[in-house]
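Biologist: Could you give me a close look at how the helices pack in this one? Take it slowly and follow the residues outwards from there.

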Amino acid sequence: AGCSEQQRKLGLENQQRLEKALALENQVYTAEFMAKIAQHLTQQQEITAEMRRTLVNWLIEIHFKFECHRHLSLYLSVKLVDLFLANNEVTSRRFQNVGVSAFRLACMREKKFYPNIFDFSYITNHSSSQEQIIGMQDKIFGQFKDNLEHPNPATYLDRFLKAAKLNFTKSSDNAYSKDNSIALYFIDTAMLDATLVTTCPSLIAAAAIMCTLRVLGRSDWNKHLDYYTTYRRETVAKLADELIANGRASTPSAIKHKYTSQRLGGKGDQVGADGKSLDNGCLHVLADYYGRL
């Protein structure tokens with residue numbers, strides 16, 4: 001009631017996209033697929049979980065520095081790295097090349113952002129030449145081109161934010177709302193954790209929503225989330241507890257820089273009428289929540 005015809009049509013289209021993404025996810029995340037990607041580190045001689053965490057932290061940093069306004073490219077690049085590790089042995093010397101090449105491929109897939117190839121080499125301090133990046137990118141594409149259209153947590157986030165009655169809009173300067181920023185913070189936290197590589201993207205997005213609701217002091221689940229995510233509260237809560245524990249344990253450098261920025265819910269240098277820091281940015285809100293636990 002009260003919705004215009006255009007709003008109803010848009011809502012139907014969004015729901016159809018959500019259902020299509022969930023159906024594709026179910027087709028992709030088979031027992032065989034998860035068993036294979038779970039080996040992303042066990043077969044490696046030189047790459048460890050801590051090295052992967054360092055690389056993902058770096059990918060979060062360069063995604064932010066390049067001012068990519070969508071997170072599909074970030075989460076796709078992480079998935080491509082994990083897929084490549086699961087199917088190829090990688091030396092520590094070439095690990096960053098895998099990461100930067102996966103990120104460039106993800107950016108090209110998004111078709112909204114085309115950094116110069118020189119810039120990609122530059123951000124590695126030229127440890128990866130332009131030729132090496134293009135060569136690795138072609139290798140990743142050749143092996144995993146069918147995976148480029150698979151859903152990732154960003155695919156679901158807007159729809160789940162709406163179901164939770166959280167603010168998912170952006171300002172005119174492409175700054176994310178605080179609600180959206182907190183949810184993205186928890187998805188980034190999930191990306192850093194090598195043990196979550198087999199976790200379905202929709203579950204990661206749902207858990208990020210639950211974490212956000214908890215941080216904001218609201219009921220952490222509702223019937224709309226039951227319906228749109230297709231998960232029951234008890235399923236989501238287990239992962240949400242883990243993400244909150246991980247976030248509380250440490251704040252990697254890229255996360256701190258990203259979520260104290262104006263673009264991602266930060267209030268860094270802003271002051272109120274009394275001349276005092278507002279201290280209500282994304283990380284301040286999270287720190288206050290962690291302090292109450």
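Modeller: Handedness comes up early, so here's the convention: a crossing is right-handed if the near helix is turned clockwise from the far one by less than a right angle, and left-handed if anticlockwise. This is a predicted model, so local features need pLDDT of at least 70 and side-chain atom pairs count only at pLDDT 80 or more, while totals for chains, interfaces and linings use all residues. Residues are numbered from 1 along each chain as its sequence is written, and side-chain values use heavy atoms, with hydrogens and water left out.

Let's start with α9 and α14. Helix α9 covers residues 178–192 and helix α14 residues 282–292; helices here are DSSP runs (H or I, at least four residues; strands are E, at least two), numbered from the N terminus. The two pack at about 65°, with axes 10 Å apart. The axes are lines fitted to C-alpha atoms, over the stretch in contact for helices, and angles run from 0 to 180 degrees between N-to-C directions. That angle makes α9 roughly perpendicular to α14 (65 to 115 degrees; under 35 is roughly parallel, over 145 roughly antiparallel, the rest oblique). The crossing of α9 over α14 is right-handed. On the α9 side, the contact (heavy atoms within 4.5 Å) is made by Lys178, Ser181, Ile182, Tyr185 and Phe186, and α14 brings Cys282, Leu283, Val285, Leu286 and Tyr290. By class, that is eight nonpolar residues, one polar and one charged. For the classes, Ala, Val, Leu, Ile, Met, Phe, Trp, Tyr, Cys and Pro are nonpolar, Asp, Glu, Lys and Arg are charged, and the others, Gly among them, are polar.

Stay on α9 for a moment and pick out Asn180, which lies in that helix. Asn180 is buried, at 3% relative accessible area (buried is under 20%, exposed over 50%, partly exposed in between, with a 1.4 Å probe and protein chains only). Setting aside residues within four places in sequence, Asn180 has contacts with Leu157, Asp158, Leu161, Asn167 and Phe168.

Leu157 and Leu161 turn up again in the packing of α8 on α10. The axes of α8 and α10 come within 8 Å and cross at roughly 40°, so the two helices are oblique to each other. Their crossing is right-handed. From α8 the contact takes Pro153, Tyr156, Leu157, Phe160 and Leu161; from α10 it takes Pro201, Ser202, Ile204, Ala205, Ala206 and Ile209. Sorted by class, the residues of this contact come out as 10 nonpolar, one polar and no charged.

Helix α12 ties into this part too. Its buried residues pack against α9, α10 and α14, and they are Val236, Ala237, Leu239, Ala240, Leu243, Ile244 and Gly247. Helix α12 runs over residues 233–249, and at 1.5 Å a residue its 17 residues should span 24 Å, which agrees with the 24 Å between its end C-alpha atoms; the expected span is 1.5 Å times one less than the number of residues. Take Ala237 in α12: it counts as buried at 9% relative accessibility. Beyond four places in sequence, Ala237 is in contact with Met210 and Arg214. The C-alpha atoms of Ala237 and Trp221 are 9.3 Å apart, with their positions 16 residues apart along the chain.

Back to Leu283 of α14, which also leads to Lys256: leaving out residues within four places in sequence, Lys256 is in contact with Thr251 and Leu283. Lys256 sits in helix α13, residues 253–259, and counts as exposed at 52% relative accessibility.

Last, a few loops flanking α7 and α8. Asn147 is in the loop between α7 and α8, and it counts as buried at 14% relative accessibility. Not counting residues up to four places away in sequence, Asn147 touches Phe33, Leu76 and Leu83. In the loop between α8 and α9 is Lys165, which has a positive phi of about 60° although it is not a glycine. Lys165 counts as exposed, at 61% relative accessibility. His126 also has a positive phi, about 65°, without being a glycine. You'll find His126 in the loop between α6 and α7, partly exposed at 44% relative accessible area.
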